[in-house]
Amino acid sequence: MHRQRDSSDNDTFACHSYRPAPQSQLIQLPRLSPDADRTEHTVHAQLMADGSLQGAVVEQRFGQGSNASRVTFAQGSEQQQRDFLEQRLSRDLRSVALEKIVAPHPNDLAHPFEIDYSFRAPGYARTAGDMLLVRPRVMGTDSMPLPRESRNWPIDLGAMQVRRDQIDLTLPAGYVVDELPNAVSLDTDFASYHSTVTAEGGMLHYTREYTVKQLELEATRYDELRQFHERIAYDEATTAVLKKK
């Protein structure tokens with residue numbers, strides 16, 4: 001979602017008005033499906049007994065959402081590329097050190113933008129006696145912090161798009177799962193959100209899909225949108241409890 005502060009009111013989202021000049025006309029462009037603009041993360045991570053995390057990520061971006069990444073990795077310096085990734089990861093990891101970074105074909109528009117990278121994150125899990133509290137959602141934030149206020153203008157949802165995350169988290173030796181977060185399933189006409197966490201063979205498996213189905217929402221539905229994102233934020237913060245054998 002693109003957010004913009006309008007000095008004329010307290011609205012958070014932009015509202016675009018179009019006034020065609022004389023002898024001009026507006027042309028309705030086709031709307032692509034949300035799946036045409038999507039981001040997919042596949043993460044394999046290892047949690048250590050001291051709470052640190054080592055992870056390897058394959059990120060693929062399809063459509064309009066790949067533009068910023070393509071430009072950065074096609075034209076930016078190595079330091080700019082590292083800063084770009086670190087800024088993104090800092091939303092979810094308080095301390096992170098990037099290791100390998102590979103973007104094999106940033107200029108090839110015939111293929112999705114792909115980047116492979118690995119990282120270390122000390123202090124990822126919290127200790128509580130003989131237990132570890134770990135967030136299965138290693139990375140990726142879909143929730144938007146929306147203030148509790150009234151709106152006068154329609155809400156610009158930015159783009160119809162999809163985000164999918166597949167995260168496998170290997171548990172440290174000597175630990176078993178004691179408690180898992182509940183699955184979440186939210187469906188509305190403007191967006192949907194689904195997440196599940198399962199445990200099998202010494203691993204946590206986390207899957208999530210977030211879809212934006214509309215470009216604009218009426219101002220009267222702002223509270224509905226805010227509550228939708230508050231529910232996502234709660235899910236994103238939930239932890240699994242690991243217990244030492």
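Is Phe-73 buried or exposed? Select Phe-73 in this predicted model and display its surroundings: the residue is buried, with a relative accessible area of 9%.

**The whole chain**

Before following that residue further, colour the protein chain by secondary structure, where you will find 3 helices and 14 strands. Of the 245 residues of the chain, 42% count as buried, and the accessible surface comes to about 13,700 Å², with 48% of that area belonging to carbon and sulfur atoms. If you then draw contacts with a separation of 6 or more, residues 24 or more positions apart account for 71% of them.

**The aromatic pairs around Phe-73**

Now show the aromatic side chains, among which the structure holds 4 aromatic pairs. Select Phe-73 together with Phe-84, whose ring centres are 6.1 Å apart and whose planes stand at 80°, so the pair is edge-to-face; the cut-off for that class is an angle over 60 degrees. Phe-73 lies in helix α1, residues 67–75, and Phe-84 in helix α2, residues 78–89, so this pair ties together parts that are 11 residues apart in sequence.

Keep Phe-73 selected and add Phe-113, with which it forms a second pair that is tilted, at 5.9 Å from centre to centre and with 45° between the planes. Here the link is between distant parts of the chain, since Phe-73 belongs to helix α1 whereas Phe-113 belongs to strand β4, residues 113–121, and the two are 40 residues apart. Phe-113 is itself buried, with a relative accessible area of 1%. Seen together, Phe-73, Phe-84 and Phe-113 form one aromatic cluster.

**Along β4 into the core**

From Phe-113, move along strand β4 and then select the largest nonpolar core, which has 47 residues. The members that touch the most other members are Leu-47, Leu-53, Tyr-117, Phe-119, Val-134, Tyr-193 and Phe-228, and the largest share of the core, 5 residues, comes from β4. In soluble globular proteins, nonpolar side chains tend to be buried together.

Which residues does Phe-119 touch? Centre the view on Phe-119 and, leaving aside residues up to four places away in sequence, you will find Leu-53, Gln-54, Gly-55, Val-57, Leu-93, Val-96, Ala-97, Leu-98, Glu-99 and Val-138. Leu-53, one of these contacts, is also listed with Phe-119 among the core members that touch the most others.

**A charge over a ring**

For the last stop, select Arg-38 and Phe-62: Arg-38 lies over the face of the Phe-62 ring, at 3.7 Å from the ring centre.

Terms used:
Residues are numbered from 1 along each chain as its sequence is written. This is a predicted model: local features need pLDDT of at least 70, side-chain atom pairs count only at pLDDT 80 or more; totals for chains, interfaces and linings use all residues. Side-chain values use heavy atoms; hydrogens and water are left out. Helices (H or I, at least four residues) and strands (E, at least two) are DSSP runs, numbered from the N terminus. Buried means under 20% relative accessible area, exposed over 50%, partly exposed in between (1.4 Å probe, protein chains only). Contact means heavy atoms within 4.5 Å. Accessible areas come from the Shrake-Rupley method with a 1.4 Å probe; for residues, only the protein chains shown count as cover. Rings of Phe, Tyr and Trp (its six-membered ring) pair if their centres lie within 6.5 Å; planes under 30 degrees apart count as stacked, over 60 as edge-to-face and the rest as tilted. A charge sits over a ring if NZ of Lys or CZ of Arg is within 6 Å of the ring centre and within 35 degrees of the ring normal. A nonpolar core is a set of buried Ala, Val, Leu, Ile, Met, Phe, Trp, Tyr and Cys residues joined through side-chain atoms within 4.5 Å.
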